[in-house]
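Biologist: I am new to this structure and would like to go through it by question and answer. Please show it first.

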Amino acid sequence: RQETESELSHLVQLQAARNRGNVAFQMRRFAEAVAIYSGAMDLCPTHREYMAVLCSNRAAAQMSMGRPQKAWEDCTNSLRYKPHDNLKALLRRARAAQALSRFQDAVRDL
């Protein structure tokens, strides 16, 4: 029972961090969003679903900061955590690959 309550508390903290990152992103505070998403990842390295979302969200912030290589890496990690039904990560990775002039990779993801 204690583990379940602890896990629930952990997920609530994780969701709150994700929401803070999303707010920072919407306010165009991309470096802050990257830092928040990164911190949230430290809370849940074994929660595959959240890690996939956080990596993908951080990739969007990285692209907005003009860091396509970091965005590509985050999208690739997101797809490792959730290889199926992860359209946002695929599209974001394709955009990052295009920005890196890796057109074959971009087409493969689309």
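Biologist: Does N57 count as buried or exposed?

Modeller: This is a predicted model, and N57 has its place in helix α3. The cut-off for a buried residue is under 20% relative accessible area. N57 has 13% relative accessibility, so it counts as buried.

Biologist: With which side chain does the side chain of N57 make a polar contact?

Modeller: Leaving aside neighbours within four places in sequence, N57 is in contact with R18, N22, Y37 and R92. One polar contact of its side chain, at 3.3 Å, is with the side chain of N22.

Biologist: How many of the residues of α3 are buried?

Modeller: The buried residues of α3 include Y50, L54, N57 and A61. The helix as a whole is mostly covered. Of its 17 residues, the number buried is 12.

Biologist: How far does α3 reach from its first C-alpha to its last?

Modeller: α3 has 17 residues, and the expected span at 1.5 Å a residue is 24 Å. The reach in the model is close to that expectation, at 24 Å.

Biologist: Which residue just after α3 takes a positive phi?

Modeller: The phi in question is about 75 degrees. The residue that takes it, just after α3, is G66.

Biologist: Which helix gives the most to the largest nonpolar core?

Modeller: That core has 16 residues, and L14, A33, A40, M41, C44, L54 and A61 touch the most other members. At least two residues come from each of α1 (2-26), α2 (30-43) and α3 (48-64). The helix that gives the most, with seven residues, is α2.

Biologist: Which residues is L14 in contact with, leaving aside its neighbours within four places in sequence?

Modeller: L14 is among the core residues that touch the most other members. With those neighbours left aside, its contacts are A40, L43, C44, Y50 and L54.

Biologist: How many residues are in the second, separate core?

Modeller: The second core includes W72, A94, A96 and A106. Its number of residues is eight.

Biologist: Why does V23 count as partly exposed?

Modeller: V23 lies in helix α1. Partly exposed covers the range between the buried cut-off, under 20%, and the exposed one, over 50%. V23 counts as partly exposed because its relative accessibility is 41%.

Biologist: How far apart in space are V23 and A33, C-alpha to C-alpha?

Modeller: In sequence, V23 and A33 are 10 residues apart. In space, C-alpha to C-alpha, the distance between V23 and A33 is 7.9 Å.

Note on methods. Residues numbered from 1 in each chain as written. Predicted model: local features only at pLDDT ≥ 70, side-chain atom pairs only at ≥ 80, totals over all residues. Heavy atoms only, no water. Core = buried A, V, L, I, M, F, W, Y, C linked by side-chain atoms within 4.5 Å. Buried < 20%, exposed > 50% of the residue type's maximum accessible area, 1.4 Å probe, protein only. Helix = DSSP H or I, 4+ residues; strand = E, 2+ residues; numbered from the N terminus. Contact = heavy atoms within 4.5 Å. Polar contact = N/O pair within 3.5 Å; in protein donor to acceptor, adjacent residues only side chain to side chain. Expected span 1.5 Å × (residues − 1).
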